[in-house]
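Notebook open, model loaded. I want to go through the strands and see who pairs with whom.

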Amino acid sequence: TVRITGKKEDVDRACEAVKKIIQEQSNRVEEVIKCDRAAAHRLVGPKGEIVMSMERDTCTRIRVDRNSEPCTVRITGKKEDVDRACEAVKKIIQEQSNRVEEVIKCDRAAAHRLVGPKGEIVMSMERDTCTRIRVDRNSEPCTVRITGK
């Protein structure tokens with residue numbers, strides 16, 4: 001129950017404002033999407049940038065719970081906005097599921113040659129192959145992690 005008191009014209013304005021909020025709230029929906037931790041991490045992005053951008057673009061609220069397995073993505077807003085956000089989320093999840101990762105072990109000298117001066121060789125390979133290549137020269141043997149973008 002909402003009780004509004006005051007002058008007639010003030011109460012009328014307040015009633016209209018309350019009714020508008022109640023109507024807007026009744027038009028809101030929530031969708032829940034499950035995904036693995038890697039997809040959830042990709043959805044959030046660095047410093048939450050990807051999920052915040054999706055929220056702005058779709059006028060929805062998107063909450064990603066990475067503490068559960070599978071992870072839970074809750075999207076709330078107007079039906080048409082939630083539908084658009086769900087499409088965007090599902091697209092990222094699908095892209096993530098298509099990603100492949102290979103790990104190659106090598107000695108320190110090979111890792112050094114792979115990186116090249118100022119990282120030029122590995123950066124050139126990343127550009128040419130559209131992959132992400134990370135070389136961990138601190139482990140023995142060294143680890144080269146190649147991931148499709």
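Started with β2 and β3 (residues 71-78): I find 5 bridges joining them, and the two strands run antiparallel. I keep in mind that this is a predicted model. For a register mark I looked up Asp-65, whose bridge partner in β3 is Thr-72.

Next I asked myself in what order the strands of this open sheet come. I read β1-β3-β2, 3 strands with antiparallel pairing. β1 (28-35) and β2 (61-65) are at the edges with a single partner strand each, so each has one side without a neighbour in the sheet. I also checked how neighbouring strands are turned against each other: 15 degrees on average, direction ignored.

Then I looked for what lies across β1, β2 and β3, and noted helix α2 (residues 37-44). I get an angle of about 130 degrees between α2 and β1.

Moved on to β4, β5 and β6. Strand β4 (residues 101-106) is joined to strand β6 (residues 142-148) by 6 bridges, and I see them run antiparallel. Here I picked out Ile-104, which stands opposite Val-144 in β6.

Which strand did I then find paired with β6 over 6 bridges in the antiparallel sense? That was strand β5 (residues 131-136). My register mark for this pair is Asp-136, standing opposite Thr-143 in β6. How many residues does the hairpin from β5 to β6 go through? I wrote down 5.

Reminder to self for the pairings above: strands of a sheet pair through backbone hydrogen bonds, either parallel or antiparallel.

Key:
Residues numbered from 1 in each chain as written. Predicted model: local features only at pLDDT ≥ 70, side-chain atom pairs only at ≥ 80, totals over all residues. Heavy atoms only, no water. Pairing = 2+ DSSP bridges. Helix = DSSP H or I, 4+ residues; strand = E, 2+ residues; numbered from the N terminus. Axes fitted to C-alpha atoms, helices over the stretch in contact; angles between N-to-C directions. Contact = heavy atoms within 4.5 Å.
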